[in-house]
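Here are my notes on the model you asked me to look through, set out as numbered points. I have kept to the sheets, the helix packing and the pockets.

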Amino acid sequence: MNIKIETKNLSFYYGSFKALEDINVAVYEKAITAFIGPSGCGKSTFLRIFNRMNELISGVRIEGEVLIDGIDIYNPSVDAVRIRKMVGMVFQKPNPFSKSIYENIAFGPRLYGVKRRSELGSVVESSLKKAALWKEVKHKLSSSALELSGGQQQRLCIARALAMDPEILLMDEPCSALDPASTLRIEDLMQELKAKYTIIIVTHNMQQAARTSDYTAFFMIDNIGEPGRLIEFGETNQIFTSPANNKTEEYITGRFG
């Protein structure tokens with residue numbers, strides 16, 4: 001399996017505070033990789049490094065390399081806007097725009113120059129189908145996205161990200177605000193999407209990581225105020241059945257975290 005994303009000796013700072021230390025990991029193409037670990041260990045910070053969203057916070061600094069398809073995305077010659085188009089993101093809480101369902105999907109493509117109504121309509125339909133939402137909303141595209149259920153809103157946010165035709169999809173606790181039935185829909189959807197997209201999910205739900213991911217990375221901190229570190233990375237089945245590190249086993253079995 002090909003490597004899509006790779007970090008080399010990566011450390012990340014908020015001002016003088018080192019949030020992540022010396023992270024070396026490879027994320028494989030067209031697979032689901034789960035980031036697990038206790039709160040405060042830097043999972044979400046690490047996730048946002050891949051689409052350069054952390055740059056929007058003043059005082060942040062990176063050491064080391066972040067490679068996508070072998071290209072260092074923090075090289076000054078690389079356009080951050082292009083990276084954010086290539087790397088879509090879905091957040092913990094559904095965050096649809098206070099616009100119609102149609103406009104939620106069309107907003108991004110329109111910004112990038114898609115103007116023809118027929119082309120926008122095709123993108124909207126295709127994106128909603130990929131997010132398994134089309135059948136539920138095709139007759140009410142002009143209705144407010146805020147009228148949808150929580151699970152539908154989250155699938156709409158996934159469709160909105162897919163409308164930009166990304167190669168990578170980042171999902172930061174995408175099911176934590178959803179009921180069990182909606183969570184299952186999102187998990188099933190992830191399995192369908194990995195045929196085309198590289199997916200990384202941050203989750204505190206050990207069962208979800210075990211169910212959905214192909215690979216798992218376990219992060220932790222030794223003490224409050226110290227940087228997060230990658231403790232173990234491997235195929236999910238191996239991580240959950242025979243972890244190499246005692247700390248991984250203790251976390252997975254609920255003895256800490």
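1. Which residue in β2 does Y14 stand opposite? In this model, which is predicted rather than determined by experiment, the residue that stands opposite Y14 is F17. The pair belongs to the antiparallel pairing of strand β1, residues 3–14, with β2, which extends over eight bridges. Further along these two strands, E6 of β1 stands opposite A26 in β2. The hairpin of β1 and β2 has two residues between the strands, and there G15 takes a positive phi near 60 degrees, a detail that you may wish to look at in the display.

2. Strand β1 also pairs with strand β4, residues 60–68, and here again eight bridges join the two, which run antiparallel. As a reference point for this register, the bridge partner of Y13 in β4 is R61. Taken as a whole, the sheet is open and consists of four strands in the order β2-β1-β4-β5, with antiparallel pairing. Its edge strands are β2 and β5, the latter covering residues 71–72, and each of them pairs on one side only.

3. The other sheet to consider is an open one of six strands, whose order is β6-β7-β8-β3-β9-β10 and whose pairing is mixed. Strands β6 and β10 (229–235) stand at the edges with a single partner strand each, so one side of each is left without a neighbour in the sheet. From one strand to the next, the twist averages 15 degrees. Within this sheet, strand β7 (residues 168–172) and strand β8 (residues 198–202) run parallel and are joined by five bridges, and L169 stands opposite I199 in β8. When reading side chains off either sheet, it may help to recall that in a regular strand they alternate between the two faces of the sheet.

4. Helix α6, residues 150–162, appears in each of the helix pairs that I considered, and I take these in turn. Two packed helices are described by the angle between their axes and the distance between the axes. For α6 and helix α7 (residues 180–193), the angle is about 20 degrees and the axes are 9 Å apart. Because angles under 35 degrees count as roughly parallel, α6 is roughly parallel to α7. The crossing of these two helices, α6 and α7, is right-handed.

5. The packing of α3 (101–111) against α6 has an angle of about 30 degrees, with the axes 8 Å apart. That angle makes α3 roughly parallel to α6, and α3 passes α6 in a right-handed crossing. Helix α4, residues 117–130, is set at another angle: its axis and that of α6 come within 8 Å and cross at roughly 130 degrees. The helices α4 and α6 are therefore oblique to each other, and their crossing is right-handed.

6. Turning to the pockets, the largest one contains about 630 Å³ of space. It is lined by 25 residues, of which R84, V87, G88, M89 and M164 are the closest to its centre. The elements that each supply at least two residues of this lining are α2 (80–86), β6 (87–90), α3 and α6, and the largest share, six residues, comes from α3. By class, the lining of the largest pocket divides into 17 nonpolar, five polar and three charged residues.

7. What is the volume of the second largest pocket, and which residues lie closest to its centre? The volume is about 190 Å³, and of the 18 residues that line this pocket, the closest to the centre are G40, C41, G42, K43 and T45. Two elements, β2 (17–28) and α1 (43–49), give two or more residues to the lining, and α1 gives the most, with three residues. The lining of the second largest pocket has six nonpolar, eight polar and four charged residues.

8. For a look at the model in the viewer, I would suggest two places where the points above meet. One is α3, which packs with α6 and gives six residues to the lining of the largest pocket. Another is β2, which is an edge strand of the four-stranded sheet and is also among the elements that line the second largest pocket.

Conventions: Residues numbered from 1 in each chain as written. Predicted model: local features only at pLDDT ≥ 70, side-chain atom pairs only at ≥ 80, totals over all residues. Heavy atoms only, no water. 1 Å grid on protein atoms, 1.4 Å probe; cavity = no way out; pocket = protein on both sides within 12 Å on 5 of 7 lines; lining within 4 Å. Points joined across faces, edges and corners; volume = space filled by probe spheres on them. Nonpolar A, V, L, I, M, F, W, Y, C, P; charged D, E, K, R; others polar. Pairing = 2+ DSSP bridges. Axes fitted to C-alpha atoms, helices over the stretch in contact; angles between N-to-C directions. Parallel < 35°, antiparallel > 145°, perpendicular 65-115°, else oblique. Left-handed = near helix turned anticlockwise from the far one by under 90°.
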